[in-house]
Amino acid sequence: MTTIRQDDFIQSIADALQFISYYHPKDFIDALYAAYIKEESPAARDAMAQILINSRMCAEGQRPICQDTGIVTVFLKIGMDVRWDTQLGVSEMVNEGVRRAYLHPDNVLRASILSDPAGKRINTKDNTPAVVHMELVPGDKVDVEVAAKGGGSEAKSKFVMLNPADNIVDWVLKTVPTMGAGWCPPGILGIGIGGTAEKAMILAKQACMGSIDIQDLLARGPSNALEELRLELYDKVNALGIGAQGLGGLTTVLDVKILDYPTHAANKPVAMIPNCAATRHAHFVLDGSGPAILTPPKLSDWPEIAQSASTARRVNIDGLTKQDVAGWKPGETLLLSGTLLTGRDAAHKRIVDLLKKGEPLPDGVDLTDKFIYYVGPVDPVRDEVVGPAGPTTATRMDSFTDIVLEKTGLLGMIGKSERGPKAIEAIAKHKAVYLIAIGGAAYLVSKAIKQARVVAFPELGMEAIHEFVVEDMPVTVAVDSRGESIHNTAPKEWQSKIGKIPVVLA
């Protein structure tokens with residue numbers, strides 16, 4: 001009988017969460033680099049370059065790949081011959097491991113978990129509790145899969161109860177375009193088929209943790225129906241032309257992973273969960289000999305890529321006018337220098353509440369001819385100005401966009417993913433612009449931030465309004481002042497170029 005000690009289990013969870021915060025799995029690095037090499041879309045290729053450069057920087061600096069350090073999900077297979085030497089329950093031990101990992105002073109991870117989700121939504125301050133799935137199995141070991149899932153990709157999770165005769169491929173190809181770019185492609189699609197509604201969702205989440213091996217499968221050929229389905233979906237989803245960050249291109253998914261389970265004769269439950277470009281998961285087994293030992297990748301596993309600024313235009317954002325931004329084109333790469341403010345969901349709600357009441361904005365929050373960056377940064381450590389500070393999904397701010405542009409004189413916004421029709425209409429009406437930074441390149445972006453201070457709503461924590469002074473911050477024009485969106489035009493262009501799926505014009 002194996003004895004698993006409390007401290008060994010807790011330390012293993014904490015170590016794994018620190019490990020995956022700054023180390024991409026090697027299979028992801030290899031797959032993304034292979035996609036980068038073959039990519040023909042300049043905008044998508046630049047996005048992949050930034051993700052790969054960021055990945056190596058995080059490995060070297062041991063800082064988070066993404067500012068959204070995720071909600072923790074743990075799958076445990078506990079051997080029935082295991083004996084526990086602990087005063088805590090298993091979920092309590094997991095949560096203590098999460099607490100230690102996210103509060104680690106050398107690599108603080110962002111606390112994003114809110115209690116009272118339907119009410120006051122209060123941050124728990126330590127990213128607990130985790131979501132824990134446990135299964136008792138024969139044996140004398142504890143098998144652990146741990147993941148940190150970003151909110152942007154989790155928000156794009158889909159579920160459908162198909163009729164038995166319905167085609168899964170048809171549903172996936174209809175659904176993936178509705179997910180937009182907020183899940184930060186290129187990544188992995190995890191698909192669960194069968195069981196019940198909740199079982200299909202769990203299968204999809206587990207599938208996300210599998211190793212990327214689609215190229216091996218392509219080389220040897222499928223040996224069963226599920227492998228045939230994986231290959232068909234991999235080919236057809238990429239043929240949609242969505243591309244890295246939704247900028248159009250050859251690669252939207254690096255792999256499609258599928259798990260299934262027997263289901264009722266009347267049902268065909270199907271779940272789909274995307275795993276983003278900051279894919280974070282680890283697997284280890286505890287056998288009673290001590291904490292898990294995780295072997296990091298070698299720095300030689302990362303390709304040497306230098307980000308080119310030769311095609312980017314340097315722009316001083318201090319003193320810009322609507323006339324200055326009128327010439328910016330969708331897909332154009334810019335390097336921004338100057339002062340901008342930050343603000344995401346909670347800050348926008350407060351700003352809009354003040355505007356509707358006719359009350360002034362807080363001191364230090366003057367948005368006239370300024371840019372606002374949708375970001376909730378990680379706390380800095382050591383000599384950092386700010387921790388990893390990548391963009392959050394911009395569509396969550398769509399409902400605030402028109403009133404903020406109208407009442408404040410805001411010139412532009414920076415986030416990730418597409419904007420919805422109402423936001424695009426407001427951008428065109430007010431002759432503003434929307435730019436994207438690359439999701440999955442948070443540490444790289446943070447190096448462009450030379451000064452940072454909180455100017456309003458400090459009680460909101462990572463959602464407080466900051467003032468950033470930036471130098472050569474890389475962005476791409478996503479919506480120009482006339483309302484043309486690269487997220488609307490580029491995927492259709494590349495879907496047409498790839499030519500496997502007919503383009504349906506709106």
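Angles between helix axes under 35 degrees count as roughly parallel, those over 145 as roughly antiparallel, those from 65 to 115 as roughly perpendicular, and the rest as oblique. In the predicted model examined here, this scheme was applied to two helix pairs, and the enclosed cavities were then examined.

The axes of helix α11 (residues 345-357) and helix α12 (residues 398-408) come within 10 Å and cross at roughly 55°. The two helices, α11 and α12, are therefore oblique to each other. The crossing in which α11 passes α12 is left-handed. On the α11 side, the contact is formed by Asp 345, His 348, Lys 349, Val 352, Leu 355 and Lys 356, while α12 contributes Phe 400, Ile 403, Val 404, Lys 407 and Thr 408. By class, the residues of this contact between α11 and α12 comprise 5 nonpolar, 2 polar and 4 charged.

A second helix pair consists of α2 (residues 26-38) and α3 (residues 42-61), which pack at an angle of about 150° with their axes 9 Å apart. This angle makes α2 roughly antiparallel to α3. Here too, the crossing of α2 past α3 is left-handed. Ile 29, Leu 32, Tyr 33, Ala 35, Tyr 36 and Ile 37 of α2 meet Arg 45, Met 48, Ala 49, Ile 51, Leu 52 and Ser 55 of α3. The contact of α2 with α3 contains 10 nonpolar residues, together with 1 polar and 1 charged.

Within the structure, 2 cavities of 30 Å³ or more were found. The largest has a volume of about 40 Å³. Its lining is made up of Ala 147, Ala 148, Lys 149, Lys 205, Cys 208, Met 209, Asn 275, Arg 280 and His 281. Strand β7 (residues 142-149) gives the most to this lining, with 3 residues. The lining of the largest cavity divides into 4 nonpolar, 2 polar and 3 charged residues.

The second largest cavity holds about 30 Å³ of space. It is lined by His 348, Ile 372, Tyr 374, Thr 401, Val 404, Leu 405, Leu 410 and Met 413. Helix α12 supplies the largest share of this lining, 3 residues. The lining of the second largest cavity has 6 nonpolar and 2 polar residues, and no charged ones. Two of its lining residues, His 348 and Val 404, also take part in the contact between α11 and α12.

Conventions
Residues numbered from 1 in each chain as written. Predicted model: local features only at pLDDT ≥ 70, side-chain atom pairs only at ≥ 80, totals over all residues. Heavy atoms only, no water. Axes fitted to C-alpha atoms, helices over the stretch in contact; angles between N-to-C directions. Helix = DSSP H or I, 4+ residues; strand = E, 2+ residues; numbered from the N terminus. Left-handed = near helix turned anticlockwise from the far one by under 90°. Contact = heavy atoms within 4.5 Å. Nonpolar A, V, L, I, M, F, W, Y, C, P; charged D, E, K, R; others polar. 1 Å grid on protein atoms, 1.4 Å probe; cavity = no way out; pocket = protein on both sides within 12 Å on 5 of 7 lines; lining within 4 Å. Points joined across faces, edges and corners; volume = space filled by probe spheres on them.
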